[in-house]
Amino acid sequence: MGATVSSDDCGDMVPEATVIDYRSSGSFDSLQSHAALLARMKAAVNRALRVLKEPPLPDGAFVKVVALLKESTARCRQQNSNFISEDLAKDGFSPPKLEDLQVPATLVHHAQLVYEIEELDTVRSALRQGNLELLSHSTVGGKFRTPYYLCYNAKSKQALLVIRGTLTLSATLTGLMSDVTPLDDGETFAHKGFAQAAMAVQREVLPTLRQFLLPQGFQLDLVGHSAGGAVACCLAKLLKNQKIDCRCFTFGCPPCLDKESALAMRSYTTSVVHHDDLITRSSLSSYKLLADVVRHIATNSSSSKVHADEMPDLLATVAGQNPRVAAHRDLHVPGRAIFLYEEDCAVSACCGDGTLGTLRRLEVTDTCLGDHLCSAYMAALQEATTKLCGDTMSDYRPWLVHAVFESG
């Protein structure tokens with residue numbers, strides 16, 4: 001299949017290894033997904049340790065630690081049905097307003113549509129149903145490249161640059177463990193792979209933005225799911241550095257910018273995180289802590305019989321005993337975070353940022369894979385937005401006449 005870049009009408013950023021197609025994987029507990037997740041997580045932890053120039057994981061204990069983390073989380077939630085909301089209250093979160101959810105509830109459908117970029121007629125048809133015209137797109141594959149489409153609504157003066165994520169969960173997990181690199185301002189540190197992919201997209205779309213969209217006063221929104229969201233965040237920062245106004249909306253975005261830069265993007269970036277999504281919590285910092293716990297249990301006879309109930313205290317103890325990842329490598333989910341969580345069989349939402357406690361630790365649960373699906377983000381946003389507005393008939397698909405995107 002030939003790769004193309006078209007101005008009329010970008011490949012994976014990590015190796016092409018495939019274990020789980022994340023668009024069809026759903027359960028941590030299924031035999032194939034469970035085994036694949038453990039293998040891929042261990043590989044990702046060892047890759048993180050290589051980046052940090054630390055020795056690899058010792059043999060044994062890894063499976064036990066992951067199982068204990070899973071059991072610990074399950075017990076906490078079983079014993080207290082309000083465990084998540086009470087944990088969030090410690091961070092002083094704020095409840096979202098309806099408008100905080102409506103735009104993401106619409107744009108998440110674009111984050112899903114871009115996965116069909118190889119079927120260009122399908123994409124173009126869907127866009128036209130929402131009064132959007134495809135301006136340019138790319139299906140170029142290769143290292144540090146990612147597919148995208150750029151579309152616009154001439155009536156509302158809205159433009160969307162939608163960036164695709166990787167096609168497999170295994171590739172995403174592997175690619176997350178990378179060193180950092182400075183962006184063009186020299187003060188922002190970003191995940192190297194995502195930053196270079198963002199620079200590639202910028203080179204391709206910047207002429208169109210400057211020659212066609214920006215002179216006519218178009219509002220530019222960047223959108224992406226998973227790795228596509230991380231590339232969108234890096235690109236938004238690059239554009240802002242060039243005095244190009246834009247907004248960014250991501251779904252399941254992994255930690256990709258240093259803390260100071262991530263927080264500085266709150267005025268123009270919204271990152272939606274769904275429940276126990278593993279990808280949004282996968283960073284050098286969280287995997288280093290996991291490795292430190294594995295080493296602690298493997299080398300301390302008194303810890304070899306640790307129980308699930310003791311894991312929260314053990315995590316805190318190990319974190320305090322070991323050096324942290326350097327600040328420029330301690331990546332966070334960028335911008336303002338909208339956290340969608342499931343409690344009492346219903347989806348609730350809160351607003352915070354990438355420093356939320358729940359985003360700084362791995363949540364290994366039955367749904368930590370399935371929660372990353374773009375379809376899961378669509379369903380959760382639909383439920384949370386409907387709950388807030390009280391209108392059970394609301395439908396936020398952008399292909400509908402009354403879609404929020406159309407009204408700006």
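**Exercise 1. Is Phe-218 buried or exposed?**

Solution. The model is a predicted one. Step one: take the relative accessibility of Phe-218, which is 8%. Step two: compare this value with the cut-off, since buried means under 20% relative accessible area. Phe-218 therefore counts as buried.

**Exercise 2. Classify the ring pair of Tyr-152 and Phe-218, and place both residues in the chain**.

Solution. A pair of aromatic rings is described by the distance of the centres and the angle of the planes. A search of the whole structure gives four aromatic pairs. In one of them, formed by Tyr-152 and Phe-218, the centres are 5.9 Å apart and the planes make 85 degrees. Planes over 60 degrees apart count as edge-to-face, and the pair of Tyr-152 and Phe-218 is edge-to-face. Next, the positions: Tyr-152 belongs to strand β3 (residues 148–153), while Phe-218 is in the loop between α7 (192–213) and β7 (219–225). The two residues are 66 residues apart, and their pair links distant parts of the chain. Finally, ring pairs join Tyr-152, Phe-212 and Phe-218 into a cluster.

**Exercise 3. Explain why the pair of Phe-339 and Tyr-341 is stacked, and state whether each residue is buried or exposed**.

Solution. The ring centres of Phe-339 and Tyr-341 lie 5.7 Å apart. Their planes are at 20 degrees, so the pair is stacked; the cut-off for stacked is under 30 degrees. For the second part, Phe-339 has 2% relative accessibility and counts as buried. Tyr-341 has a relative accessible area of 6% and is buried.

**Exercise 4. Find what sits over the ring of Tyr-268, and at what distance from its centre**.

Solution. It is the charged end of Lys-240, 4.6 Å from the centre of the Tyr-268 ring.

**Exercise 5. Describe the salt bridges of Arg-75, Arg-145 and Arg-247**.

Solution. The search of the whole structure finds 21 salt bridges; take three of them in turn.

- Arg-75 meets Glu-71 at 2.5 Å, N to O. Both lie in helix α2 (residues 62–79), four residues apart, which is about one turn of the helix. Arg-75 counts as partly exposed at 30% relative accessibility, and Glu-71 is partly exposed with a relative accessible area of 34%.
- Arg-145 meets Glu-204 at 2.1 Å, N to O. This pair links distant parts of the chain, with Arg-145 in the loop between β2 (133–138) and β3 and Glu-204 in helix α7, 59 residues apart. Glu-204 is partly exposed, its relative accessible area being 25%.
- Arg-247 bridges to Asp-221, with the closest N and O atoms 2.8 Å apart. Arg-247 lies in strand β8 (residues 247–251) and Asp-221 in strand β7, 26 residues apart. Arg-247 is partly exposed at 28% relative accessible area, whereas Asp-221 is buried at 1%.

Salt bridges with shared partners also join Arg-77, Asp-87, Asp-276, Arg-361 and Glu-363 into one network.

**Exercise 6. Describe the surroundings of Val-293**.

Solution. Start with its position: Val-293 lies in helix α10 (residues 284–299). Its relative accessible area is 1%, so Val-293 is buried. Now list its contacts, leaving aside neighbours within four places in sequence: Val-293 touches Val-65, Met-311, Leu-314, Leu-315 and Val-318. Last, compare sequence with space: Val-293 and Thr-317 are 24 residues apart in sequence and 9.4 Å apart in space, C-alpha to C-alpha.

How values were computed: Residues are numbered from 1 along each chain as its sequence is written. This is a predicted model: local features need pLDDT of at least 70, side-chain atom pairs count only at pLDDT 80 or more; totals for chains, interfaces and linings use all residues. Side-chain values use heavy atoms; hydrogens and water are left out. Rings of Phe, Tyr and Trp (its six-membered ring) pair if their centres lie within 6.5 Å; planes under 30 degrees apart count as stacked, over 60 as edge-to-face and the rest as tilted. Buried means under 20% relative accessible area, exposed over 50%, partly exposed in between (1.4 Å probe, protein chains only). A charge sits over a ring if NZ of Lys or CZ of Arg is within 6 Å of the ring centre and within 35 degrees of the ring normal. A salt bridge is a side-chain nitrogen of Lys or Arg within 4 Å of a carboxyl oxygen of Asp or Glu. Contact means heavy atoms within 4.5 Å.
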